[in-house]
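Work through these exercises with the model open. Try each task before reading its solution.

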Amino acid sequence: MTKEQLVQEAIKARQKTYSPYSNFGVGAALLMKDGTVIHGANIENASYGLSNCGERSALFSAYSQGYHKEDIVALAVTGGTDQPISPCGACRQVMNELMPKNTPIYLSNLKGDIKPTNIKELLPYSFDEVEHNEE
Ligand code: THU
């Protein structure tokens, strides 16, 4: 699957948004090694802080279906932005933990502009998985 095709999947995922408060839909698509594409959309709540971004919806869905980081090939994200959408800080932290460090990330918009990047660019000097040592 090309990055353009994965971006089209993210645009399809965006149609599943529940964003009556911001009216800003975000779609994400994860390509898995077995060829499966997993969609995520932002899901909001009247208690605004409980809203979940499209990127995290896709990653949480993948893990909920039994996938793990080593199963992930690439991630595409899209929104109605002039420039390719820029993921929020919370999503960057979650991507850092749940995807391999070298996963291609395609930031995009509805016009089809694509900015390829990766988690090292999006979240330099990251806080990584901690080892839970017994005291
Ligand atoms: N949002 C995402 O889903 N992903 C991003 O990368 C940026 C923001 C959502 C959160 C909220 O539902 C809406 O976009 C407006 O902030």
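**Ground rules**

This is a predicted model: local features need pLDDT of at least 70, side-chain atom pairs need pLDDT 80 or more, and totals for chains, interfaces and linings use all residues. Residues are numbered from 1 along each chain as its sequence is written, and side-chain values use heavy atoms, without hydrogens or water.

**Exercise 1. Find the polar contacts of the ligand.**

Step 1. Apply the cut-off: a polar contact is a pair of N or O atoms within 3.5 Å.
Step 2. Start with Glu55. A side-chain N or O atom of Glu55 lies 2.5 Å from a ligand oxygen.
Step 3. Turn to backbones. Gly54 places a backbone N or O atom 2.9 Å from an oxygen of the ligand. For Cys88, a polar backbone atom is 3.5 Å from a ligand oxygen.
Step 4. Check burial. The ligand alone exposes 370 Å², and the protein buries 78% of that (Shrake-Rupley method, 1.4 Å probe).

**Exercise 2. Describe the shell around the ligand.**

Step 1. Collect residues with a heavy atom within 4 Å of the ligand. Among them are Ser22, Phe24, Val26, Asn42, Glu44 and Cys53.
Step 2. Sort the shell: five nonpolar, four polar and two charged. Here Cys and Pro count as nonpolar, Glu as charged, and Gly as polar.

**Exercise 3. Where does the ligand sit?**

Step 1. The ligand sits in the largest pocket; sitting there requires more than half of its atoms within 2 Å of the pocket's grid points.
Step 2. Look at the lining. It has 15 residues, with Phe24, Val26, Asn42, Cys53 and Glu55 nearest the pocket's centre.

Definitions and conventions
A polar contact is a pair of N or O atoms within 3.5 Å; within protein, one must be able to donate a hydrogen and the other to accept it, and residues adjacent in sequence count only if both atoms are side-chain atoms. On a 1 Å grid over the protein atoms alone, a cavity is a set of points where a 1.4 Å probe fits but cannot get out, and a pocket is an open set with protein on both sides within 12 Å along at least five of seven lines; lining residues have an atom within 4 Å of a point.
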